[in-house]
Amino acid sequence: EITAGPDGALWFTNMGNFSIGRITAVPVITDSPTSGVPGTSVSVSGKGHAPGEQVNVTYKTGLSSPKKVLICTTTAAADGTFSCVGDIPSPAEAGVDGSHNVQSVGQTSGTVAKTPFTLT
């Protein structure tokens with residue numbers, strides 16, 4: 001038997017050794033748009049976080065001393081999904097043109113997912 005649990009994971013019984021197993025979803029995020037200039041508004045959504053946990057979405061700057069700038073914060077739904085909207089940092093913080101990472105971090109589970117954003 002296998003079933004989806006209230007925590008967003010798949011739970012199963014293993015009759016071979018009389019145990020119960022749990023499979024968690026691999027976290028995934030997407031951003032829209034996937035490219036733009038500093039200050040671009042982005043919509044970020046994802047899945048695979050713990051239900052009800054705070055999810056922080058950050059942008060990793062392209063500066064010589066990279067840092068992560070908070071884009072938005074939200075709470076994962078009962079199925080581990082989330083969505084929020086925020087802005088890519090200003091030119092002073094965004095860094096040089098090219099590929100950068102937008103990342104979601106679950107504050108309870110520590111679950112991390114990344115997706116690229118191309119600064120133009």
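What follows is a chat between a biologist and a modeller about this predicted model.

Biologist: Let's start with the fold: how many helices and strands does the chain have?
Modeller: Keep in mind that this is a predicted model. Reading from the N terminus, the elements go β-β-β-β-β-β-β-β-β-α-β-β. Counted up, that makes one helix and 11 strands.

Biologist: And the overall dimensions: what radius of gyration does the chain have, set against a compact globule of 120 residues?
Modeller: The C-alpha trace spans about 60 × 25 × 20 Å along its principal axes. A compact globule of 120 residues would come in near 14 Å, but this chain has a radius of gyration of 17 Å.

Biologist: What share of the residues is buried?
Modeller: On the surface side, the chain exposes about 6,500 Å², with carbon and sulfur atoms supplying 56% of that. On the inside, the cut-off for buried is under 20% relative accessible area. Of the 120 residues, the share that counts as buried is 35%.

Biologist: How far apart are the mean positions of the positive and negative charges?
Modeller: There are 6 positive and 8 negative charges to place. Take the mean position of each set, and the distance between the two is 9 Å.

Biologist: His-49 caught my eye. Is His-49 buried or exposed?
Modeller: His-49 sits in the loop between strand E6 (41-47) and strand E7 (54-60). Even leaving aside neighbours within four places in sequence, His-49 has contacts that include Val-55, Ala-76, Phe-82 and Thr-111. Its relative accessibility is 3%, and because the cut-off is 20%, His-49 counts as buried.

Biologist: Which residue joins its side chain to that of His-49 in a polar contact?
Modeller: Among the contacts of His-49 are Ser-104, Val-105 and Gly-106. The polar contact between side chains is 3.0 Å, and the partner of His-49 is Ser-104.

Biologist: Moving to Lys-47, how far is its C-alpha from that of Phe-82?
Modeller: Lys-47 is in strand E6, and at 46% relative accessibility it counts as partly exposed. Lys-47 touches Val-26, Pro-27, Val-28, Gly-80, Thr-81 and Phe-82, not counting residues up to four places away in sequence. Lys-47 and Phe-82 are 35 residues apart in sequence, yet their C-alpha atoms are separated by 6.4 Å.

Biologist: Which residue's backbone oxygen lies 2.6 Å from a polar atom of the Thr-40 side chain?
Modeller: Thr-40 is in the loop between strand E5 (35-36) and E6, and with a relative accessible area of 15% it is buried. Beyond four places in sequence, Thr-40 touches residues including Pro-33, Asp-87 and Phe-117. The backbone oxygen in question belongs to Val-37.

Biologist: What's the C-alpha separation between Ile-88 and Val-37?
Modeller: Ile-88 is in the loop between strand E9 (82-87) and helix H1 (91-94), and it is buried, with a relative accessible area of 2%. Its contacts beyond four places in sequence include Val-37, Thr-40, Tyr-59, Ile-71 and Leu-119. Although Ile-88 and Val-37 are 51 residues apart along the chain, their C-alpha atoms are separated by 7.9 Å.

Biologist: Any backbone oddities? Which peptide bond is cis, with omega near 0°?
Modeller: Most peptide bonds are trans. Look at the loop between strand E4 (28-32) and E5, where Pro-33 lies. The cis bond runs from Ser-32 to Pro-33.

Biologist: And what is phi of Phe-18 near?
Modeller: Most residues other than glycine have a negative phi. Phe-18 lies in the loop between strand E2 (10-14) and strand E3 (19-23), and it is exposed, with a relative accessible area of 71%. Its phi is positive, near 55°.

Biologist: Last one: how far apart are the C-alpha atoms of Asn-101 and Thr-61?
Modeller: Asn-101 is in strand E10 (residues 98-106), and its relative accessibility of 31% makes it partly exposed. Asn-101 is in contact with Thr-58, Tyr-59, Lys-60, Lys-114, Thr-115 and Pro-116, leaving aside neighbours within four places in sequence. Asn-101 and Thr-61 are 40 residues apart along the chain, and their C-alpha separation is 8.1 Å.

Terms used: Residues numbered from 1 in each chain as written. Predicted model: local features only at pLDDT ≥ 70, side-chain atom pairs only at ≥ 80, totals over all residues. Heavy atoms only, no water. Helix = DSSP H or I, 4+ residues; strand = E, 2+ residues; numbered from the N terminus. Rg over C-alpha atoms; globule rule 2.2 N^0.38 Å. Buried < 20%, exposed > 50% of the residue type's maximum accessible area, 1.4 Å probe, protein only. Areas by Shrake-Rupley, 256 points an atom, 1.4 Å probe, with all protein chains shown as cover. Lys, Arg positive; Asp, Glu negative; His and termini not counted. Charge placed at Lys NZ, Arg CZ, Asp CG, Glu CD. Polar contact = N/O pair within 3.5 Å; in protein donor to acceptor, adjacent residues only side chain to side chain. Contact = heavy atoms within 4.5 Å.
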